[in-house]
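Biologist: Please show me the model. Then I will ask how its labels were decided.

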Amino acid sequence: MGLRHVLFLWILVNNKSKSSSDKDVILNILSVLTDLLSLGTGRRIHYVISKGGTEALLQALAIAARTEPPDHSILLPLLRLLARVGQRDRKFGLKVQKAEATDIILGLARRNLSHHLYLTHCLWVLRVCASNVTTGTTLGTNGTMELLFKVITPYSKRHVRTVRAAIEALAALLKSKSNSRRAVNKGYLGGLLRLYQDWHHHDVSNNYIYIRRGLLLCLKHITNIQLGRETFLGSLGMEILFTSVQDCLSCKNLDPIITTATQILRKCYPKEPLPVATLRSSYSFPLPGIAKSENPYEGSEGKWLNGDYESDGEEETEKDLDNEDVESKEEDYDLETDVNKLKTRPVLDRPEEELGQYEAMCPELSHNFQEFESEPEEEKTLEDKTESSAPFHFIPNATSVKHANYRWRKQSATEMGPDPKEKDFKVPLQNLTKKEKCRWHPIDEKRDIIKAAQDAGSCEDEDRAKSHAITLRPLPNEAAWYKKMFYSECEYSINPSPGGRLESSDVATNLLEKHQGDIPFHSPRIYIAKAKCVKSIPDYKDLAFPDFWGHQSPPYSKPMLERKYGVQRDKVLDDVRRLIQPDDVIGRTVFDLDEPSHSSPRLPGSLTFFSKFESGNLRKAIQVREFEYDLIMNADVNSNQHHQWFYFEVRDMKLAVPYRFNVINCEKFNSQFNYGMQLVIYSVKEALQGRPRWLRAGYDICYYKNHYCCSAAAGGGMSGKCYYTLTFSIKFPHNDDVCYLAYHYPYTYSAMMAHLDILEQNRNPKKVYWRQQTLCQTLGGNPCPLLTITAMPESKKRDDLEQFYNRPYVFLMARVHPGESNASWVMKGTLEFLVSSDPIADLLRKCFIFKIVPMLNPDGVINGNHRCSLSGDDLNRQWLTPNSQVHPTIYHAKGLLYYLRSIGRAPLVFCDYHGHSQKKNVFLYGCSIKETLWQAGCMVDTAVITEDVGYRTLPKILDKVAPAFVMNSCSFLVEKSRESTARVVVWREIGVLRSYTMESTYCGCSHGLYKGLQLGTQELEEMGSKLCLGLLILHLKSLPCSKKLMAQAALLLDLEEEITDRAQRSCSNSSLETDDEPPCVEEIDYNTDSSSDGERDFSELDQEIQECLSWAEGETEDEGLTTGQSCSSKALRGLYISSQPTPNSTALPLRSTALGVYSGFESSPA
Ligand SMILES: [Zn+2]
C-alpha cells in the first residue's frame, strides 16, 4: 500500500467514524503510517504534511483524548507521529493553535504525571509545539513550565528519559522571551543552575550528557534577555559554569557541554567599554575650510554613529560594521535593475575648461624627441650603468625560484635561524659589500640623495628642523653581539664616533657602510632620504628598521596555518578567566600613544612597544598576564573606526617563550585569520645576520567576538558597537631582539618613493620612456606621483613617432586603501616588469602607454590608516563626486581620465589594485550590464541589450598565465553599493569597457599552483608582472597589430602553447568551488549567540522516539529502577554506536524499525 493510499484512508476514517468502533482500522492505519514514515527520510513526512497529515493527526488526537478513559494504545502512536511530523512542519504551531490542541496535550501530560511513558510522549509533542514561539508563549502562560519543573529532578537514575524530555521541552519554551522573563521571575534560573551543578557532580561516568547539555540550553536561552544575564551573574553563574567546564576539558566526548557552556559564558561576560578615553583617532587633522554637509570630523562614515549605548539590552541588536568587502544588503537596487541607469553615462562633474590642466600630465603626446639628435654624454653613462646593473632586471617570477621543494620546509620552533652565536654572521655582510659594489656607485648615491632632497624641496624650506629629525630606531643592544657588529666590522668606518660611543644615527651610518643595495630595488640610503621628506601628522622622528633595511622574500612559501581543534574555545575560556580570577590579571598599560609617559622607560618584566613610525598604528598595549598583551589599534585619522591594519615594534622579549597578543578592537565580523592566514614578523637580529625578511608567523590564531563595546562617552554616540579579538601567539626567535609585527607585509610611502627613484635610474633610457610627475599634493602635503611609461620611439621617423603617439593607454592605480599593502607589492611587480629589459616588457611598452598612480592615498599609508584618507573618507567611495580640496588625488586622477577621454584616448584597460581580507586568491571585479541584470533577477530581453563581452578576455588570460589568479572568483556585477568606486565610475563615466578592481588576498590560494600556500611578496610581485603579460596577450588578441609586432610576439611568446599549457595545469586542479570557505574543523562562532546548537536536528528526537519503542515494550505501570537503568544504558549505546539499528521487537504491534543514522549533538566532530 502506498503512502498516498494510507493517507487517503486515514483521512477517510478520521472524518467518517467519530466513534471508537473502528479502533482496529485506526490502529492498523497508524501502524502502517508509522512504518512508512520511519522507513523513509524527510521526504515522505513532507509529503504527509503537504497532504494535510498534520491536521488529520491533530484531529485524531482530539478524538482519542476525548474518550474516557483515554485509549493509550491509540494515543501513544499518535503522539509519536505528531512529534515526528510536527518538528518538520513549519506551520505546526499555527495548526496546533487552530486545533486548540495545546490544552489537550497539556491536559494529557497533567493526567499522566505519574506515568512516565505516557508523560514522555506528551513532553515530546510539547517540545515540538514550543519550537513555535507563539505557541510556546501560550504554553508558558498556561503553566507548562511549572509542570515541567515538577518533572525535572536532581540527579537520579530513575526516569531519565522523562527528565530529558522535560528539559528539552523547557529549553524550547525558553526561546520565548516572555517565558524566559517569567522563568527568571519565578526563580527558575537559580534552580536550573543548581540542577546543572547537581547533574555535573554526580554524573561522573558521563552517562547523561544530554541531560546536562539540555540544562545548559535552558540557561542559554534564558540568558538571551538582559534580566536573565543579570540574574545569571548574580547567581554566580559565571563561576559555576567556568569551573564545570574546567572539569570537562579533558574529555572530548563532552564537547557539546563545553561548547554550550562557553557560549553562555561569552554572552554573559559583562560588556566593557574599550579601555581608551576616546575612540577617536589619536591623530586628528584640521580639514581645509570646506563646508561639508556633516561634521567634517566625522567623515563620510559618520552617518551611523547614532543611538544610545546599550539602551535596550533586551533586543541587543548587533551592528556588525562591515563597510568593506561584504555586500551591504541595501533595499535600493535601482542601479542593479535599471538598464537605463546602468547604461547612461553621467555628465562631466566639473567645467570642461578645467580639463586643460591635464594636458601637462601627458607630456608623451607632445614630446618631439629632439634628444635623438644630440645625444648627450650622460646618456651613455646611464646606459653603461644599466648594463652593469643587469641583475636588477630580473623579472619577478615566483615560479622560477620555486622548484620541487618550494613548500615550506619544516623548521624548528623558532621559525627562523638559530641565535646569532657568531659562526656565519660575517659572511653575509661581506657578501653584501662585494655585491653592492657592482650595483651602486657611491657618486650616484650621493647624487640621488641630493636629488631626492631637491624633489622634496618644500619640506626642507618649510620645516628644516623636521627633516633632520629622522633617525633609525635603536637596534638590539645585546652587548657582545652589538660590539661584534659594529666595532670589529667597522674599524675603517668613515665616521667613527669620538669616544667610541655610537649614537643611533652613527649606527645607521655604520650600517649603511656595510649594507647597500643588498636587496634588489631597495636602497637604505635612498629610503632615508625619502623618509626625511615625508609629512606626517605625528611628525615621525623614527624609522622602522624593516622599511629602512629592506625585505627580501624567503625562498619558500609557507602553507596556510592549520587550525588547531578547540583553539578558539581555549582562548575564550582564558579570557573568561580574567573575570573569575581577577587576581591573576596584571592590567598594566605599557604603551599609550595618547599618554607617552607610559611608553618610555622600560618596565621590568614586560615587553616594550613602539609604533610612531610610517604606517605604524599601535595605540595602546596592556599587559594582561606575564606573557599576554591586549593591543588596541589607532583608528583612522579623523575617524573612530577602521581598525584592521596593524604595524608596531616590540622589544625586550625572551627567547622561545610563547607570548599571546590580542588585538581587541577589530571590527570585521570575520577574518582570514580564521582560515589559515598568519600575520608577518620581521626580526632585526635575523636581518643583520643576512635574513632580512618579513615572515609569516604566529600560531593559535583565531578571530572572535569579544565582550568589548562602545560606550557612549568614548564613542561619541557610536553605541552598542561590538568588537572582535584577533588573538595569536608568537615565539620570538632571539632573546632581546627588536621585532616588528604587522597585519601584512608593510610597504610605506617612502618605500614607494625610493622604489620609483631606483627604477628610474635603472631603466634603459634608450628603450624606456619614463616620466615621473606629481598628480597633486595630498591633504597632508605629500606629493602623489604619476608615472608615464612606454617604449621610446624606434626612431625620429614619422611612422615611428606616429606609432608612439597612437599607442592605446592603460591606466593603473593602487593603494587607495592604505591597509591593503598587498596592492603595493603587486604594483611593485608591475613597475619592475614594465621598466625591465625583458623582451616581453620591451614589446609591451611598444603596445601601450602606461599611466600609473602607484599610491592614491599616501597620507593614509603614512599615518597608519587602514581605510581612509586624512579627511576620514573612504577615497574609493568618492569617485562619483570627488571634492578637489578634500579628495585631491581622486579628483585629479578622475580629471586625467576625463582628459584622456576628451581627446579620444580613453584607456583600453583600467585597473585599480586592492587587497581582499575575506577571500583567497587574486581575482578581478569588472562591470557588465547583462550579468548585473541576471544576478538581480531581472527579466530582460538580453537579445535587445547588446554588450561587448571583451571585459572577460583579460581575466580569462590571467587565469591561464598567473598562478595566483582564479577566474571563478571574479565577478562582473555593478552593485549599488559600489556605485562610487573607481571601477564603476571609470566604466560608466569614462566608458572603459575593461575597468577592473584587482583584489589580492591577504591570505593564500585555494586553487592552482599555490593551492594551500600563503602568498608572499614574491607571489604578489609575480602577479603584478603577470598582469603585464596578460595585457600584452590582450593586445595581440583584441587589437589590430602591425605585422612586425605580431612577428616579434610570435617569437617571444609562443602564445598558444603557453596558454594551453597553463590551461592544462589549472584544469588538473579539480573543480573550482564557488564557496568562499570550506567549514573549519572547529565550528567558528563569531557571535556569542549561536543558533547552531543542534536543537533543530530532527534525527535526535526521532532517535529518542525510536529507542523508546523498545523501552515501552517492558514498561509497566510502576516503572522500576532496573528498567530505567537498562533503558538509559541502551540509550547510551545508541549514542555512541550510532549506526546500530535498534533491536526489533515483535511484542508491540506498532513497532517499526530504526534505520536512521544517529547524528545528534553527542556525536562531536571528529
Ligand atoms: Zn580596497
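**Checking the labels**

Modeller: Start with one bridge: Arg651 stands opposite Val738 in S14. Strands (E, at least two residues) and helices (H or I, at least four) are DSSP runs, numbered from the N terminus. The model is predicted, with local features needing pLDDT of at least 70 and side-chain atom pairs 80 or more, while totals for chains, interfaces and linings use all residues. Residues are numbered from 1 along each chain as its sequence is written, and side-chain values use heavy atoms, with hydrogens and water left out.

Biologist: How do you know that strand S8 and S14 pair?

Modeller: Two strands pair if DSSP finds at least two bridges between them. S8 (residues 647-651) and S14 have five, in the antiparallel sense, so the condition is met. S10 also pairs with S14, antiparallel over four bridges; there, Val680 has Ala742 as its bridge partner.

Biologist: What makes S14 largely enclosed by the rest of the structure?

Modeller: Buried means under 20% relative accessible area, exposed means over 50%, and partly exposed lies in between (1.4 Å probe, protein chains only). Five of the five residues of S14 are buried, so the strand is largely enclosed. Val738, Tyr740 and Ala742 cover one side, and Cys739 and Leu741 the other.

Biologist: Why is Tyr682 called buried?

Modeller: Its relative accessible area is 0%, and the limit is under 20%, so Tyr682 qualifies. Tyr682 is found in strand S10 (residues 679-683). For Leu933, in helix H39 (residues 929-935), the value is 2%, so Leu933 is buried too.

Biologist: Which strands are the edge strands of the open sheet of seven strands?

Modeller: The order is S1-S12-S13-S9-S7-S6-S4, with mixed pairing. S1 (272-273) and S4 (588-592) are the edge strands, as each pairs on one side only. S1 and strand S12 (residues 699-709) are joined in the parallel sense by two bridges, so they meet the minimum for a pair.

Biologist: How is strand S9 joined to S7 and to S13?

Modeller: S7 (residues 628-633) and S9 run parallel, joined by four bridges. S9 and S13 (residues 722-731) are antiparallel, over seven bridges. In S9 (residues 658-666), eight of the nine residues are buried.

Biologist: Why are the buried residues of H43 said to line one face?

Modeller: In helix H43 (residues 1043-1053), Leu1045, Ala1049 and Leu1053 are buried. Seen down the axis, the buried residues fall within an arc of 40° (the arc of the directions from the helix axis to the C-beta atoms), so they line one face. The face turned away from them carries the exposed residues Lys1043, Ala1050 and Leu1051.

Biologist: What makes Tyr208 and Tyr210 an edge-to-face pair?

Modeller: A search of the whole structure finds 40 aromatic pairs. Tyr208 and Tyr210 have centres 6.5 Å apart and planes at 85°. Rings of Phe, Tyr and Trp (its six-membered ring) pair if their centres lie within 6.5 Å; planes under 30 degrees apart count as stacked, over 60 as edge-to-face and the rest as tilted. Both conditions are met, so the label holds.

Biologist: How do you know that Arg164 sits over the ring of Tyr210?

Modeller: The rule asks that NZ of Lys or CZ of Arg be within 6 Å of the ring centre and within 35 degrees of the ring normal. The charged end of Arg164 is 4.2 Å from the centre, so the distance condition is met.

Biologist: Why is the site of the zinc ion called irregular?

Modeller: Donors are N, O and S atoms within 2.8 Å of the metal (3.2 Å for Na, K and Ca); water is not among the atoms, so sites may look incomplete. The protein donors here are His817 (ND1), Glu820 (OE), Glu820 (OE) and His914 (ND1), at 2.1 to 2.2 Å. Four donors count as tetrahedral if all angles lie between 85 and 135 degrees; four count as square planar and six as octahedral if opposite donors are over 155 degrees apart and all others between 65 and 115; anything else is irregular. The angles among the four donor atoms are 59 to 149°, so the site is irregular. Both His817 and His914 are buried.
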